[in-house]
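Subject: Structure for your files

Hello,

Here is the structure I said I would send. My notes follow below it.

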Amino acid sequence: MGLRCYFGGTAIQTLRMAVIPASSSSSRFIFGRPLSKTLTLNSLFLRRNNVNYLTRPPFTLLTKALAATAVQAAPPTETIDRGVVKPQWKAAIDFKWIRDNKDAVALNIKNRNSNANLELVLEIYEKMLAVQKEVERLRGERNAVANKMKGKLEPSERQKLIEEGKNLRDGLIMLEEDLLKLSDELQQEAQFIPNMTHPDVPIGEEDRSIVRKMVGCPREFSFPIKDHLQLGKELDLFDFDAAAEVSGSKFYYLKNEAVMLEIGLINWTLSEVMKRGFTPLITPELVRSSVVEKCGFQPRGDNTQVYSVEESDQCLIGTAEIPVGGIHMDSILVESMLPLKYVAFSHCFRTEAGAAGAATRGLYRVHQFSKVEMFILCQPEESESHHEELIKIEEELFSSLGLHYKTIDMASGDLGAPAYRKFDVEAWMPGLGRYGEISSASNCTDYQSRRLGIRYRPSEPTSTNPKMVKGKFTPTRFVHTLNATACAVPRMMICLLENYQQEDGSVIIPEPLRPFMGGLGLIAPKFSRAE
Amino acid sequence: MKGKLEPLERQKLVKEGKNLKDGLITLEEDLLKLSDELQQEAQCIPNMTHPDVPIGEEDCSTMRKMVGSPHEFSFPVKDHLQLGKELDLFEFDAAAEVSGSKFYYLKNEAVMLEMALVNWTLSEVMKRGFTPLTTPELVRSSVVEKCGFQPRGENTQVYTVEGSDQCLIGTAEIPVGGIHMDSILAESMLPLKYVAFSHCFRTEAGAAGTATRGLYRVHQFSKVEMFILCQPEESESYHEELIKIEEDLFSSLGLHYKTIDMASGDLGAPAYRKFDVEAWMPGLGRYGEISSASNCTDYQSRRLGIRYRPSESSTNPKKGKGKLAPTKFVHTLNATACAIPRMIICLLENYQQKDGSVVIPVPLRPFIGGLERIAPKFPQDE
């Protein structure tokens, strides 16, 4: 079918292979900032006497020092004078909870290999509370002065009060500025704190991850097997060389049956997941960088995975998780709407900076690919069961395609900041001779929703105040979000080509895909084997 | 200076030689500069124009063909935005927050409709002998320029990636044109016919004030594009072939449309001749462009460096065997097989029913799981 195309010689890449980090662990790149252990801690600002507010409080100098250390991987900010940087958006972090649970949080930070500075966060928080208290006190005094001035007064008394009022006002202005700065610094530091971790997650590095499930076993071949690149060449399915000229390395054209296979995979996956009650979506692939950050990724960090558009605050998405997470940004959902289940198709773009030396051969690591992603927003109590639901759907999809794979409960050091728990699926790729990651399912609990501002209003009054009726005054809560790969097309293609290859060089199409490929059952060689 | 010379004569010659060398260096620098300037200026020269192309502005374009007539409705007609809202098919507001204006999410049956349109179109064009492709959507800016676009001009349509020479494509014409960049093809390979599916990204800068409502003008969309590389003598007949394929596709979907031979003032630099198809969009109350088919002759191939070697030595029959036949530039053509958002507008607006549902045209049904209509999910009076 179609015409054969003439292409130049092949470029064999013999790069060392290494394990590929999971998709959402690109957020681990936020940990690039230096530790600020050399910072001296000042005592909390204490009111010593009435005159304090007349002088610039000493802690503003400390503020400057604090700001100076938060350099590299900080969220993009506007820089105002005095070196204090202002975050473009605020995460609704529960500082009180962090303070009340600081040991658990500290242990978690350590288990996650995070660079977050909890001591600094708590210190700034305490300062901020103290300043807040002071501000309230001064406001109280100012109101008292204002009230006094309403009555009958001697001119000299009145003058004194006016001056006192003015001093209070000036003091307040300074304190309120400081409060603002502290609040910004607190945000900046606290945003580095990773999500808490599920108690069952193994602690440690990648080698501590646990296999939850193993399905099937490596297929036995009675003939020498080929990898997907060689199959692709012989069956005229890809072109990497022309793409390297047109776009650069790690780009590719799909041709002939590979196009049909991509489309078949996408359609079948969408169809299967829709049957399970998910709403299908096609999403924007250019999004504002703030949305990328709110999902827990770092568009401007070193070795960022994110492509940015010139002269714009827009970025290309690395996963549909981002635009889908953004749909309900800054919203209050009704409890009856939950759970919201989406299955989204998009192209994904990743710089793969920092992946040099890792397995980059062929389709395994590319800059652009198609992916079908599942996303759930739900009530907090339900996120664990939805996590199980998502991994079950993935396992059913991969089993239907006849793949041999294992599901892994990722260790704490491999989680990435947003995930409370993460299951990866690695499928057997005979041509590579090892398992390769084909999907990732994360429970992000309220990490993303606190940044994206996604709340819901429970319909029942909360147990803390049963007297509030009708739920109209029920305080809102943050939803939990989860995301899971239903189909990452290039990795899936590697699996199908390598596992279903036949001795005569053809590749069998798994049954479930055939109706979505016009009934095609086989990709047959077009040239004679002798070529 | 190779011969025997008096020292004085030799000295004179050495000096003369040095002067000549210096003079040459200066002249060669000038040559280089002139060559660069020549390139720069000459690249602005548009392609020649087919003799039958009407001369003048857009209003001088002539209609080649009209198929069908506007559907008569017995009820008030809604535009695609309203239909989309009522049938819960799009989300523009959330996209404006997440990405900016002119972005959108497709939902529910609209997702299925996009997939069906892409599948059906690819399938139909493949049947006609075209090789299917999916392409990179990030390409080097030089490739964009070689195809005749201007990535860094004012009001450029092209998104550029920060810190890189890469751009997002506005059409698959670009990466497909680039496949055979700097190559010499064998004559027997021609014609090469590709049908490529890609997402397309356009800044639409300078489009403020023009029709921007809903899906009509968006920053990102899916498109199936046809591309042909052929011998010069054959490009006109392939242009006819491409427009015929487009017309067959649109007629199969039951659209009412007209094919227009674009006037010289509306051609765009690479095109020798361009046929646009405008389809009737009842919700908009006018015709809207749904496709464009251009014959770029050798404009792109001269920039992309795509040549072929004729198998017969027609220029010098005495040389025989064709081994030394000088290469010639191919001709390239491109044509839209399906631009999804405009097609969705056409289908929704033309196939809407009184009860608020939308009928799916028969050819698409096998590609949409047999779905026959998109039915309202809420009662009509909401």
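In which helix of chain B does B:Arg342 lie? It is helix H9, residues 340-350; helices (H or I, at least four residues) and strands (E, at least two) are DSSP runs, numbered from the N terminus.

Before the rest, the conventions. This is a predicted model, in which local features need pLDDT of at least 70 and side-chain atom pairs count only at pLDDT 80 or more, while totals for chains, interfaces and linings use all residues. Residues are numbered from 1 along each chain as its sequence is written, chains are lettered from A and ligands numbered from 1 in the order in which they are written, and side-chain values use heavy atoms, with hydrogens and water left out.

Helix H9 of chain B

B:Arg342 is buried (under 20% relative accessible area; exposed is over 50%, partly exposed in between; 1.4 Å probe, protein chains only). B:Arg342 has no salt bridge (a side-chain nitrogen of Lys or Arg within 4 Å of a carboxyl oxygen of Asp or Glu). The nearest side chain of opposite charge is that of B:Glu289, 5.0 Å away; here Lys and Arg count as positive and Asp and Glu as negative, with His and the chain ends not counted. Beyond four places in sequence, B:Arg342 is in contact (heavy atoms within 4.5 Å) with B:Tyr216, B:Arg217, B:Met281, B:Glu289 and B:Ile290. The helix around this residue is mostly covered, with 11 of its 11 residues buried. Among them are B:Pro341, B:Cys346 and B:Glu349.

The interface of chains A and B

The contact takes 53 residues from chain A and 55 residues from chain B. The buried area (accessible area, 1.4 Å probe, that two parts lose on being put together, summed over both) is about 4,700 Å². Carbon and sulfur atoms give 63% of that area. On the side of chain A, the residues that lose the most area to chain B are A:Val246, A:Tyr253 and A:Ile282, together 14% of what that side buries.

The rule finds zero salt bridges across this interface. Polar contacts, on the other hand, join 25 residue pairs, both residues at pLDDT 80 or more. A polar contact is a pair of N or O atoms within 3.5 Å; within protein, one must be able to donate a hydrogen and the other to accept it, and residues adjacent in sequence count only if both atoms are side-chain atoms. Elements of chain A that give two or more residues to its side include helix H7 (241-246), strand E5 (253-255) and strand E10 (340-349). The largest share, seven residues, comes from H8 of chain A.

Salt bridges

Over all chains there are 44 salt bridges. One of them joins A:Lys90 and A:Asp184, with the closest N and O atoms 3.3 Å apart. This pair links distant parts of the chain, 94 residues apart: A:Lys90 is in the loop between strand E2 (85-87) and helix H2 (95-100), and A:Asp184 is in helix H5 (residues 155-190). A:Lys90 is partly exposed at 41% relative accessibility, whereas A:Asp184 is buried at 3%.

In helix H8 of chain A, A:Lys275 and A:Glu272 are three residues apart, about one turn of the helix. Their salt bridge has its closest N and O atoms 2.7 Å apart. A:Lys275 counts as exposed at 60% relative accessibility, and A:Glu272 as buried at 14%. Both belong to a network of salt bridges that also links A:Arg276, A:Lys392 and A:Glu396.

Chain A and its backbone

Chain A has 13 helices and 19 strands. Of its 531 residues, 57% count as buried. A cis peptide bond joins A:Leu338 and A:Pro339, with omega about 0°; A:Pro339 lies in the loop between strand E9 (331-334) and E10. In chain B, the peptide bond from B:Leu190 to B:Pro191 is cis, with omega near -5°.

Two residues of chain A are worth listing for phi. A:Asp236, not a glycine, has a positive phi near 55° and is buried at 7% relative accessible area. A:Lys250 also has a positive phi, about 65°, and is found in the loop between H7 and E5.

Regards
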